[in-house]
Structure formats: structure tokens, C-alpha cells
Amino acid sequence: MNFTEGEVLYFNKPLRWTSFNLVARVRTQLSRKIKVKKLKVGHAGTLDPLATGVMIICTGKATKRIEEFQYQTKEYIATICLGATTPSYDLEKEIDATYPTEHITPDMVAETLSRFLGEIQQIPPAFSACKVDGTRAYELARKGKEVELKPKTLVIDEIELLECNLPEIKIRVVCSKGTYIRALARDIGEALQSGAHLTGLIRTRVGEVTLEHCLDPECFVEWLEQQSIDEENKND
């Protein structure tokens, strides 16, 4: 393997790690292994700290492929709690409002989900990496400032109800780049004339890459020891 010429690595991002944490860990461990001070390392699509799952990391010249991976279809398994909302649409923030759920039935949930198939408009969460006048939206939101984001056009290829234990539901979503599953949870809650927030999220696939292909970051050093490393890495 030649990490300066460029390699593409697949990881299962752990819970509570930021995407930056994972990139930094991989860069540090690779730099030590191949004895270089600087090495380009980047990820192809952010995952929230409270999400786990497939994260593609590119090294060296392979960082030029990041955009290619970002545009690939993604699949998620999301657990959603109906009847309550949070400002971040997930568990990062405390519940700020509760809503009735007695009127919601499994059939109603299934019918509502079908309305999200195809091309949809979605307003990203205020607690997101979207930029507002050059500043990340989450930086403004965490300071208590009002954040106005414009709707984006997205495509939901598949949406499937996996479990319905009201007020909790579990869904599988296959979607385009830029889809916020937290915002989808918010919109599902509103469509059900209630509220909702995300309580669990796993990215199970990016393009053809599934969790089965992914490394555990905690075992990365051990995995590196078993690889055949191109000596050119060490001379750069």
C-alpha cells in the first residue's frame, strides 16, 4: 500500500466520535507508521457524532476522489421517537416540546413515509455544517442565534418501515447526497401531525461500500501491521 500516492479506506465511525476525530486519528497513525510529517487525509461525507457507520477516508492523491464518493447514494437505518422534538432534531439537545401520538397508527406511518419517496424539498437543520454568510450554521445555533437556511432539493430512492413500536419507529432510507436524516425525522413528525426526533442513526452503505467492508478505528494500528507498505511511503 502507498498512502502518499493514495489509498481509500473504509471505517465504521464509532458513536460520539466526530468525523474530524476519525480523520485526525487515521492521519496520526498513518504518519507514524510511514514516518512522514505531513500526509493528506480527508473524509467523503460527514457523520454526526451521535451517528455510527460507514465513513470513507482517502489519503494522499486519492483525496481527489472525495467528491466522487460524496455523490454516491447512501443508506441509513434510523430510529425515530414520535411525540417529542429537540432543537437539534436528535439527542444532542434536550426535548423542547411534546405532542400527542394517540392518533398515530402503523398504517398511518407507512402511508406518510410513502409521501417522502422521490424528489423532496428539505430545510437543513440549524445544527448542521451548512454555511450562513461564511459561518457554519451550528456555530450560530450553539450561540443561540437565529439560523435561516433555504430548502434543498433531494432524492429519497427508498424508504421502508422496519419496526413500528409506537411511539418509536425504525426506518431504512436510501437517499442522495446532502440528505439530513435528522431533518427527515422532523418532517415525518410534522406530517404525522405530531413531533419527532432522531434517537439512533447508522449509515449502512455508501455506494457499494457496506459495514462489512469497514475497519474498526480501534483496530487500525493492528490492521496496518499486517499490510504490505510500499517503502516509497517512508522516504517522502
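Contact here means heavy atoms within 4.5 Å, and the exercises below apply that criterion to a predicted model.

**Exercise 1. Determine how far helix H5 is enclosed, and identify which elements its buried residues pack against.**

Solution. Begin with the cut-off, since a residue is called buried when its relative accessible area is under 20%. By that criterion the buried residues of H5 are Ile-181, Arg-182, Ala-183, Leu-184, Ala-185, Arg-186, Asp-187, Ile-188 and Gly-189. Nine of the 11 residues of H5 are therefore buried, so the helix is largely enclosed by the rest of the structure. The next step is to ask what the buried residues touch: they pack against the strands S4, S7 (118-122), S10, S11 and S12, and also against helix H3 (106-114). Finally, follow the chain out of the helix, where Gln-193, just after H5, takes a positive phi of about 55°. Gln-193 is found in the loop between H5 and S12, and with a relative accessible area of 61% this residue is exposed.

**Exercise 2. Describe the largest pocket by its volume, its lining and the elements that supply the lining.**

Solution. The volume comes first, and about 1100 Å³ of space lies in the largest pocket. Its lining is made up of 34 residues, of which Thr-46, Leu-47, Asp-48, Ala-129 and Tyr-180 are the closest to the centre of the pocket. Sorting the lining by residue class gives 13 nonpolar, 10 polar and 11 charged residues. As for where the lining comes from, at least two residues each are supplied by helix H1 (19-34), strand S4 (74-82), helix H4 (137-142), helix H5 (181-191) and strand S12 (196-206). The helix of Exercise 1, H5, thus appears again among the elements that supply the lining.

**Exercise 3. Locate the backbone exceptions at Arg-16 and at the bond between Leu-166 and Pro-167.**

Solution. The background is that most residues other than glycine have a negative phi, and most peptide bonds are trans. Arg-16, although it is not a glycine, has a positive phi of about 75°. This residue is found in the loop between strand S1 (8-13) and H1, and at 61% relative accessibility Arg-16 counts as exposed. Turning to the peptide bond, Leu-166 and Pro-167 are joined in the cis form, with omega at about 15°. Pro-167 is found in the loop between strand S10 (152-165) and strand S11 (168-175).

**Exercise 4. Establish where Glu-218 lies and which residues it touches beyond four places away in sequence.**

Solution. Glu-218 has its place in the loop between strand S13 (209-210) and helix H6 (220-225), and its relative accessible area of 55% makes it exposed. When residues up to four places away in sequence are left out, Glu-218 touches Trp-17 and Arg-25. Arg-25 and Glu-218 are 193 residues apart along the chain, while their C-alpha atoms are separated by 9.6 Å.

**Exercise 5. Assess the overall fold of the chain, starting from its secondary structure and its radius of gyration.**

Solution. The secondary structure comes to seven helices and 13 strands. The radius of gyration is 20 Å, close to the 18 Å that the globule rule gives for 236 residues, so the chain is as compact as a globular protein of that length. Along the principal axes, the C-alpha trace spans about 65 × 35 × 30 Å. Buried residues make up 47% of the 236 residues. Among contacts between residues at least 6 apart in sequence, 71% join residues at least 24 apart. The accessible surface, lastly, comes to about 12400 Å², with 48% of it belonging to carbon and sulfur atoms.

Technical notes:
Residues are numbered from 1 along each chain as its sequence is written. This is a predicted model: local features need pLDDT of at least 70, side-chain atom pairs count only at pLDDT 80 or more; totals for chains, interfaces and linings use all residues. Side-chain values use heavy atoms; hydrogens and water are left out. On a 1 Å grid over the protein atoms alone, a cavity is a set of points where a 1.4 Å probe fits but cannot get out, and a pocket is an open set with protein on both sides within 12 Å along at least five of seven lines; lining residues have an atom within 4 Å of a point. Grid points are joined across faces, edges and corners, and a volume is the space filled by probe spheres set on the points. Ala, Val, Leu, Ile, Met, Phe, Trp, Tyr, Cys and Pro count as nonpolar, Asp, Glu, Lys and Arg as charged, and the others, Gly among them, as polar. The radius of gyration is taken over C-alpha atoms; the globule rule is 2.2 Å times the number of residues to the power 0.38. Buried means under 20% relative accessible area, exposed over 50%, partly exposed in between (1.4 Å probe, protein chains only). Accessible areas come from the Shrake-Rupley method with a 1.4 Å probe; for residues, only the protein chains shown count as cover.
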